[in-house]
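Trainee: Please take me closely through one loop and the helix that leads into it. After that, I would like to follow the connections outward.

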Amino acid sequence: MNSILILGGTTEGYALAEALSGSTTPGRSTALGRLNADISDRRLVSKPNRAPPAAHRQAWPPGQPSQPGQPGQSMQPSQPMQPSQPMQPSQPMQPSQPIQPSQPMQPTPRALDPARWRVISSLAGRTSCPRLPAGETRIGGFGGVAGLVDYLREQRIAAVIDATHPFAATMGWHAAEACQALRLPLLRLERPAWQPEPGDRWHPVTDWNSACETLQELGARRVLLALGRQDLQPFVDLTAVHFLIRCVSPLEPLPAFVNAELLLARGPFDLASERALLDAHRIDAIVCKNSGGEATAAKLIAAREREIPVLIRQRPPRPALPSCADVSSAGDWLAQVLEAEQ
Ligand SMILES: NC(=O)c1ccc[n+]([C@@H]2O[C@H](COP(=O)([O-])OP(=O)(O)OC[C@H]3O[C@@H](n4cnc5c(N)ncnc54)[C@H](OP(=O)(O)O)[C@@H]3O)[C@@H](O)[C@H]2O)c1
C-alpha cells in the first residue's frame, strides 16, 4: 500500500491528517515510530496521551512561587540544573476562543481510500506527551536526508506535505532534498505570517541576539518572552530586565535567569486575558516569533492598544516549493498529484 507523509505537529498538519484519513480518532504509532520515540524520548512511549492543564506556574527559583497577577519578585541568582517543583494551579490564563472572526469555511479535503492509502504523520518528538494526529504517527528524527530517503522508500511514500512549524529551520530543507532525490512531489503547508497594522510598534529581528540589543536600546524593564523553551538562553544575560516567560511545558533545567517568572500556559489566548496579563505584570515589551495563526495573535492586539513594542522574529528561509496556506488547498494539490500518477 502507498502512503502520504505529513511532516510536523502543527494545527494545519493535524487538520490535514484528519481530513485525509477520514478520522478524528488518535492514530496508532507505527513500529518505526515507536522505536524512534523510544530513542529520542523514552517518556513518549510510556505515558498516556494527555494534555497538560491550560496554565500553571513553575516556582522559580524552586521553592519560591510567585503570586498570580503580582509583579514578579527579585530573584536570587538562580541555581542552574535544579529540578523544578510541582506546579501550582494558576487562575489567569484559561483556554479561550480565537480572537479574530474566523476565516470563511474552506471545503475539507476528501478522505483517501484507506484500502489504498496510509496517512502517516511524523512528529519530531520534542513534546513528551504529544496529542496524536489522526491516521498513523511516527515520532523522532529520520537520521538526516539519507535516513529520510530510506524511510520514504520503505514506506512507499507517494507524496509529502511539509507542515512543520514556521520556525522549524531544518526539516523543510531535508524534505526538499530527499524528495528531489526520489522525484517525489512535495508541498509546503504553512499558515501566513502576521502582518503589522497601523499603531503597531514592531521591531522585526532575525535572531535573538538582535532582540537582546533592541531590548536594551528601548530600555525595556518588564518583558514578556512568548517563545519556545529552546530560545530562552540568549536573554539570560539581561540581568536588569524582569522577564515573564510563557511556555507550554516546564523548563528543566531552569535557565539561569536572575530576575524572571515562568508562566506555563497553552493557547489559544483571548484578548481579554492578554490585556489582563500585560497590565498585571506591567509589561513594557514583548518578544515573540512571527508564528502566525489566530491562537496566539491576541497579544499583538493588546500590545498595539498599549503602544508596547513587539520584538518579532522573522521566519527562517525555506526552499522554493509549491506552497499553500490552508488545508483545503493542500487537499486539492494532493488530489491533482495522485490523479496525475494514476
Ligand atoms: N512552537 C515553536 O515555536 C516551534 C519552533 C520550531 C519548531 N517547532 C516544532 O518542534 C519540532 C522540531 O523543531 P526543530 O526546530 O528542531 O526543527 P528542525 O530544525 O526543522 O529539525 C531538526 C531535526 O529534527 C528532526 N525533525 C524535525 N521535524 C521533524 C518531523 N516532523 N518529523 C521527524 N523529524 C523531525 C529532524 O531530524 P533528522 O535530521 O534526524 O531527520 C530534523 O533534522 C518540529 O515539530 C517543529 O514543528 C516548534
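Mentor: Arginine 183 sits in the loop between α5 and β8 (186-189), where helices (H or I, at least four residues) and strands (E, at least two) are DSSP runs numbered from the N terminus. Its phi is near 55°, a positive value in a residue other than glycine. Most residues other than glycine have a negative phi, and most peptide bonds are trans. The model is a predicted one, in which local features need pLDDT of at least 70 and side-chain atom pairs count only at pLDDT 80 or more, while totals for chains, interfaces and linings use all residues. Residue numbers start from 1 along each chain as its sequence is written.

Turning back from that loop to α5, we find its partner α4: the two helices pack at an angle of about 50°, with their axes 9 Å apart. That angle makes α4 oblique to α5, given that angles under 35 degrees count as roughly parallel, over 145 as roughly antiparallel, 65 to 115 as roughly perpendicular and the rest as oblique. The axes are lines fitted to C-alpha atoms, for helices over the stretch in contact, and the angles run from 0 to 180 degrees between N-to-C directions. The crossing of α4 past α5 is right-handed, the near helix being turned clockwise from the far one by less than a right angle (anticlockwise would be left-handed). From α4 the contact takes Gly144, Val145, Leu148, Val149 and Leu152, and these meet His174, Ala175, Glu177, Ala178, Ala181 and Leu182 of α5, contact meaning that C-beta atoms, placed from the backbone, lie within 7 Å. Sorted by class, this contact has eight nonpolar, two polar and one charged residues; Ala, Val, Leu, Ile, Met, Phe, Trp, Tyr, Cys and Pro count as nonpolar, Asp, Glu, Lys and Arg as charged, and the others, Gly among them, as polar.

Both helices also lead to the ligand, since β5 (117-123), α4 (144-154) and α5 (171-182) each supply at least two residues of the shell around it, and α4 gives the most, with three residues. In total 24 residues surround the ligand, the closest being Gly141, His165, Ala168, Thr170 and Met171, where a residue is near a molecule if its C-beta atom, placed from the backbone, lies within 6 Å of it. The shell holds nine nonpolar, 13 polar and two charged residues. At least three of its residues come from each of domain 1 (2-49 + 106-192 + 317-341) and domain 2 (55-92 + 194-313), with bounds taken from an automatic or database domain assignment.

Two other loops carry backbone features that can be set beside arginine 183. A cis peptide bond joins glutamate 252 and proline 253, with omega about 0°, and proline 253 is found in the loop between β11 (242-247) and β12 (260-265). Another cis peptide bond joins glycine 267 and proline 268, with omega about 5°, and proline 268 is placed in the loop between β12 and α7 (271-280).

That loop brings us to α7, whose axis comes within 8 Å of the axis of helix α8 (residues 298-306), the two crossing at roughly 55°. The two helices are therefore oblique to each other, and the crossing of α7 and α8 is right-handed. Leu271, Glu274, Arg275 and Leu278 of α7 make this contact with Ala298, Lys299, Ile301, Ala302 and Arg306 of α8. By class, the contact of α7 with α8 has five nonpolar, no polar and four charged residues.

How values were computed:
Two residues are in contact if their C-beta atoms, placed from the backbone, lie within 7 Å.
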